[in-house]
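User: Please take a close look at one part of this model, the packing of its helices. Then go on to the parts around it.

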Amino acid sequence: MENLRSSDSSLDRRIADRLKALRQERGWSLDELAGRAGVSRATLSRLENAEVSATAGALGKLCAAYGLTMSRLMLMVEDEFAPLVPQQAQAVWVDDSAGFRRRSVSPPARQLAGEVLACELAASARISYERSPRPGLEHHLLMLEGELAMTVDGQAYRLAPGDCLRYQLFGASEFSTPPHSGARYLLFIV
């Protein structure tokens with residue numbers, strides 16, 4: 001549920017501060033959030049104190065407990081909205097333990113409904129989310145390279161380059177790659 005290494009300690013600190021603020025805004029204790037998110041109290045404390053960086057799985061559980069997409073959480077810790085987002089300015093978040101890298105190509109904004117993420121999963125990677133951060137969240141996943149197996153609300157799919165999977169997320173989802181291939185894809189969230 002946690003990474004001991006971080007690719008951007010400044011981003012980890014801002015995520016930690018935002019997670020703590022979200023919990024405090026709701027008046028939740030660490031124990032209450034632990035129960036709602038299914039993340040241990042000890043891990044939550046370490047995350048909120050920026051002693052460790054969160055994994056994709058832990059952030060997914062926390063975002064679901066708060067009713068936020070991961071990208072909305074990232075928006076809360078990133079710089080102000082700008083119409084042009086040069087590649088070097090696109091925030092990158094890495095979960096080395098899961099072999100996952102996400103670049104916020106078109107970050108969410110208050111004025112815009114959609115966002116675009118460029119994602120990479122290493123070979124033999126697997127990321128599971130227990131529930132949608134917001135029921136009915138619309139996704140369009142465009143495969144660029146590699147192979148990806150997905151399960152969305154109990155339905156399994158296998159994607160190859162050029163395939164597009166469109167879905168509304170209500171429950172659990174899982175992304176996995178085979179041992180011989182990673183995956184690179186764009187995820188459009190509306």
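Analyst: On helix α2, L33, R36 and A37 touch K61, L62, A65 and Y66 of α4, where contact means heavy atoms within 4.5 Å. The structure is a predicted model, in which local features need pLDDT of at least 70 and side-chain atom pairs count only at pLDDT 80 or more, while totals for chains, interfaces and linings use all residues. Residues are numbered from 1 along each chain as its sequence is written, and side-chain values use heavy atoms, with hydrogens and water left out. Helices (H or I, at least four residues) and strands (E, at least two) are DSSP runs, numbered from the N terminus.

The axes of α2 and α4 lie 9 Å apart and form an angle of about 100°. Axes here are lines fitted to C-alpha atoms, for helices over the stretch in contact, and angles run from 0 to 180 degrees between N-to-C directions. This angle makes α2 roughly perpendicular to α4; angles under 35 degrees count as roughly parallel, over 145 as roughly antiparallel, 65 to 115 as roughly perpendicular and the rest as oblique. Five residues of this contact are nonpolar, none is polar and two are charged. In this sorting, Ala, Val, Leu, Ile, Met, Phe, Trp, Tyr, Cys and Pro are nonpolar, Asp, Glu, Lys and Arg are charged, and the others, Gly among them, are polar.

Helix α4 covers residues 56-66 and is largely enclosed by the rest of the structure, because 10 of its 11 residues are buried. Buried means under 20% relative accessible area, exposed over 50%, and partly exposed in between, with a 1.4 Å probe and protein chains only. Among the buried residues of α4 are K61, L62, A65 and Y66. G67, just after α4, has a positive phi of about 75°.

Helix α2 (residues 30-37) also packs against helix α3 (residues 41-48), at an angle of about 110° and with 9 Å between the axes. The two are therefore roughly perpendicular to each other. Their crossing is right-handed, that is, the near helix is turned clockwise from the far one by less than a right angle, whereas anticlockwise would be left-handed. The α2 side supplies L30, D31, L33 and A34, which meet R41, L44, S45 and E48 in α3. That contact holds four nonpolar residues, one polar and three charged. L33 of α2 thus has a part in the contact with α3 and in the contact with α4.

Helix α1 spans residues 9-26 and contains D17. D17 counts as partly exposed because its relative accessibility is 41%. In sequence D17 and N49 are 32 residues apart, and in space their C-alpha atoms are 7.7 Å apart.

Further along the chain come strands, and two strands pair if DSSP finds at least two bridges between them. Four of them make an open sheet in the order β6-β11-β8-β9, with antiparallel pairing. β6 (126-129) and β9 (155-159) each have a single partner strand, so one side of each is left without a neighbour in the sheet. On average, neighbouring strands there are turned by 10° against each other, direction ignored. Within this sheet, four bridges link β8 (residues 148-152) to β11 (residues 173-176), and V152 stands opposite S173.

β7 (residues 137-146) runs antiparallel to β10 (residues 164-169), joined by six bridges, with H139 opposite Y167. β7 is also antiparallel to β12 (residues 183-189), through seven bridges; there E145 has R184 as its bridge partner.
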